[in-house]
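Trainee: I should like to go through the reasoning behind the terms used for this model. May I begin once the structure is on display?

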Amino acid sequence: MTQQNKTLGEFIINKQSEFKYSSGELTRLINSIRLAGKIVNHEVNKAGLVDILGTAGEENIQGEDQQKLDVYANEVFIKNLVNREIVCGIASEEEDDFIAIQGNNKKNENKYVVLMDPLDGSSNIDVNVSVGTIFSIYRRITPVGTPVTIEDFLQPGKNQVAAGYIVYGTSTMIVYSTGHGVNGFTLNPAIGTYYLSHPNMQFPDKGFIYSVNEGNYVHFPKGVKEYIKYCQEEEDDRPYTSRYIGSLVSDFHRNMIKGGIYFYPSTSKSPNGKLRLLYECNPMAFLAERAGGKASDGFNRILDIKPTELHQRVPFFCGNKDMVETLESFMKKNE
Ligand code: P6P
């Protein structure tokens, strides 16, 4: 069988020996996410046809209107993870606090916690632009069998054992890493099977795309303003191309394939930026580093940051190593 025809299921079995922890549990975990992704994909693809658009009338912890698909996706992932009894805890952008999972035998022996943004970029749903699910997996650090605590979720991103995203775009893909390289699988919706379509994804050596919401330019730190002007100068391989979809998963996915940098800096209205450290920045940073890229808050490695709260935000700069390092040099110069 050629590498390209390999299904996600076959890939997981072949690779599970590489996973230094209990591979059976991780396999069940990734399979659970795979199934939930197919279910959400089905609803996302028909969102325009049924009355599932618009807000659910509630607000999430971010104070943002919850789109019905946000609520739906959150429920689908939580149900799939709980029913398979694979995790001891779940944190979600759509949940104010973490969810402790009691096993049937009331003594949950599971070792993993999952943090997720069940449907990132949801503001794009009504205008038919790609959205995505982002997930991050850790081993618990409190004793197995005891109730999970906030400490199990507030681990630095370098402790992740796996992370990835599902992009519901022109095709649906799951892209993930268990620490050894990044691999992308494309869903064949006719048979509901994911096939290995992007083995060992790596950022190209050079990147020429910058992705930022320039509408916030006047509120950016001086170093970011200088970097944007640097990207726009006529010089060497510049001006770069500006591409911003407004959906982190889609912008990141394109930049990892074509080469580029995505950044959501601090602004005067969001002094810590907009993106959440635990279930957006850390998983994307985990993937970026394993694809030869870099992820920073402008000064520090994202994966080294010790979280202090579940929904904390950080400024986020992520993509080709040379592009992130050039941006960091502008930030340092203006520190
Ligand atoms: P803005 C979507 O809400 C999101 O979290 C990311 O997916 C996206 O990159 C960013 O926010 C867009 O934010 O302020 O540019 O609309």
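Trainee: How far from an oxygen atom of the ligand does a polar side-chain atom of Tyr264 lie?

Mentor: In this predicted model, the separation for Tyr264 is 2.6 Å. A polar contact requires N or O atoms within 3.5 Å, so the pair qualifies. The protein covers 83% of the 390 Å² of accessible area that the ligand has on its own.

Trainee: What makes Asp120 and Tyr244 polar contacts of the ligand as well?

Mentor: The same test is applied to each. For Asp120, a polar side-chain atom lies 2.5 Å from a ligand oxygen. For Tyr244, an N or O atom of the side chain is 2.6 Å from a ligand oxygen. The cut-off is 3.5 Å, and therefore both pairs count.

Trainee: Which residues surround the ligand, and how are they divided by class?

Mentor: Among them are Gly121, Asn213, Ser247, Leu248, Lys274 and Glu280. The shell comprises 5 nonpolar, 4 polar and 3 charged residues.

Trainee: Why is Asp251 called buried?

Mentor: Its relative accessibility is 0%, and buried means under 20%; Asp251 therefore counts as buried. This residue belongs to helix 5 (residues 248-258).

Trainee: What does the side chain of Asp251 reach?

Mentor: It reaches the backbone nitrogen of Ile245 at 3.0 Å. Leaving aside neighbours within four places in sequence, Asp251 is also in contact with residues including Ser211, Arg243, Tyr244 and Tyr262. Tyr244 and Tyr262 are in turn among the residues around the ligand.

Trainee: How do you know that helix 6 is mostly covered?

Mentor: Of the 14 residues in helix 6 (residues 277-290), 12 are buried. Among them are Leu277, Glu280, Pro283 and Phe286. After helix 6 comes Gly292, with a positive phi near 85 degrees.

Trainee: Which residues touch the most other members of the largest nonpolar core?

Mentor: They are Leu29, Ile33, Val87, Leu119 and Ile137, in a core of 39 residues. Helix 2 (residues 23-45) gives the most to this core, namely 7 residues.

Trainee: What does Ile137 touch?

Mentor: Not counting residues up to four places away in sequence, Ile137 touches Leu26, Leu29, Ile30 and Ile33, among others. Its further contacts include Tyr112, Val114 and Val161. A second, separate core has 29 residues, including Val175, Met256, Leu277 and Cys318.

Key. Residues numbered from 1 in each chain as written. Predicted model: local features only at pLDDT ≥ 70, side-chain atom pairs only at ≥ 80, totals over all residues. Heavy atoms only, no water. Near = heavy atom within 4 Å. Polar contact = N/O pair within 3.5 Å; in protein donor to acceptor, adjacent residues only side chain to side chain. Areas by Shrake-Rupley, 256 points an atom, 1.4 Å probe, with all protein chains shown as cover. Nonpolar A, V, L, I, M, F, W, Y, C, P; charged D, E, K, R; others polar. Core = buried A, V, L, I, M, F, W, Y, C linked by side-chain atoms within 4.5 Å. Buried < 20%, exposed > 50% of the residue type's maximum accessible area, 1.4 Å probe, protein only. Helix = DSSP H or I, 4+ residues; strand = E, 2+ residues; numbered from the N terminus. Contact = heavy atoms within 4.5 Å.
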